[in-house]
Amino acid sequence: MNKLIVANWKLNPLTLKEAEGLAEKINQVSPHEVVLCPPIAFLPLVKYLHLGAQDVSPQVKGAYTGQISASHLSSLGVKYCIVGHSERRTMGERDELINQKLQALLHFKITPILCVGYGTAVSQDELEVTDVLGSQLTADLEDIDPKKVIVAYEPVWAIGSGRPATPEHAEQIALYITTKFGVKSVLYGGSVNSTNSESFLSQHHVGGLLVGGASLLPDDFNKIIG
Ligand code: PGA
């Protein structure tokens, strides 16, 4: 089945040449829809069928030095944008701001990939996890049409740790989020690699993957996107 696989390059690589080289090595053909999210400075220059941004300003225009607006992304032909990544929530980004970013993106018909899972702990049981996610999603999605939003469940402890959640856990959480919030689909992210990716993709309610570290390794990433 066709799923969505999103490569979050974060603040990598260092140069445009490396970014272009990396994109060139990623297969253009996949049974899945593959989206590369390079650093914003490289976004207009990296060549790939589907491109996404890693963040957006809640403001559309005006005196907001250093910001990138949804209108800018739209004029670059960007179709997706990650919002509320736990690395940004760690920097102090709150649900109210995330909600404003979602509104800005939807106004310009860019599909948000809303990350949730910040504030969860490996020791929590499913009920405790859904408590955290439930309040995050309720605040983030206020006055938003959930059918237009893709959610990425990324338990913060699994990000970059080499300790992914189990595929069964990801499936249970994806089912919860889909049923309770009616979002377009739910991706899983957190230490996905070429060895475990298939076990997540084969889960019925997991609509795809958000991949960090392994998306910078073309051989691994090509295996993930199949
Ligand atoms: P990871 O990162 O795949 O390196 O764990 C995922 C993410 O931060 O989106």
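**Strands, helices and cysteines**

Student: In strand β6 (residues 150–153), which residues point one way and which the other way?
Tutor: Burial does not separate them, as all are buried (under 20% relative accessible area with a 1.4 Å probe, protein chains only; exposed is over 50%, partly exposed in between). Strands are DSSP E runs of at least two residues, and helices are H or I runs of at least four, numbered from the N terminus. Direction does separate them: one way point I150 and A152, the other way V151 and Y153.

Student: What pLDDT do side-chain atom pairs need in this predicted model?
Tutor: Residues are numbered from 1 along each chain as its sequence is written. Side-chain values use heavy atoms, without hydrogens and water, and in this predicted model totals for chains, interfaces and linings use all residues, local features need pLDDT of at least 70, and side-chain atom pairs count only at pLDDT 80 or more.

Student: Which residue of β6 stands opposite C115?
Tutor: Strand β5 (residues 111–116) and β6 run parallel, joined by four bridges. Pairing takes at least two DSSP bridges between two strands. Opposite C115 in β6 stands A152.

Student: Through which helix does the chain cross from β5 to β6?
Tutor: β5 and β6 are parallel. The β-α-β crossover between them is right-handed (clockwise from the first strand over the helix to the second, with the strands pointing away from the viewer). The chain crosses through residues 126–140, helix α5.

Student: On the side of strand β7 (residues 185–189), which residue of β7 stands opposite I150?
Tutor: β6 also pairs with β7, in the parallel sense, over four bridges. In β7, the residue opposite I150 is S185.

Student: Through which helix does the chain get from β6 to β7?
Tutor: β6 and β7 pair in the parallel sense. The β-α-β crossover is right-handed. The chain passes through residues 167–181, helix α6.

Student: How far apart are the end C-alpha atoms of α5?
Tutor: α5 has 15 residues. The expected span is 1.5 Å times one less than the number of residues, so α5 should span 21 Å. The end C-alpha atoms agree, at 21 Å.

Student: What covers the buried residues of α5?
Tutor: The buried residues of α5 include V129, V132, L133, Q136 and L137. Contact here means heavy atoms within 4.5 Å. The cover includes α3 (86–90), α4 (95–107), β5, β6 and α6.

Student: How far is the C-alpha atom of V149 from that of L114?
Tutor: V149 is in the loop between α5 and β6 and counts as buried because its relative accessible area is 0%. Leaving aside neighbours within four places in sequence, its contacts include L106, P112, L114 and S185. V149 and L114 are 35 residues apart along the chain, yet their C-alpha atoms are separated by 7.1 Å.

Student: Within what arc do the buried residues of helix α8 (residues 218–225) fall?
Tutor: The buried residues of α8 are P218, F221, N222, I224 and I225. They line one face of the helix, because, seen down its axis, they fall within an arc (of the directions from the helix axis to the C-beta atoms) of 155°.

Student: Which residues are exposed on the other side of α8?
Tutor: The buried residues of α8 have cover that includes β1 (4–8), α1 (16–25), β2 (33–37), α7 (197–201) and β8 (208–211). On the other side, the exposed residues are D219 and K223.

Student: How many disulfides does the count give?
Tutor: A disulfide here is a pair of cysteine sulfur atoms within 2.5 Å. The sulfur of C37 is too far for a bond, because the closest cysteine sulfur, in C81, is 7.8 Å away. C81 is in no disulfide either. The count comes to zero.

Student: What relative accessibility makes C37 and C81 count as buried?
Tutor: C37 counts as buried because its relative accessibility is 0%. C81 counts as buried too, because its relative accessibility is 0%.

Student: Which residue of strand β3 (residues 50–53) stands opposite L36?
Tutor: β2 and β3 run parallel, joined by two bridges. Opposite L36 in β3 is L51.
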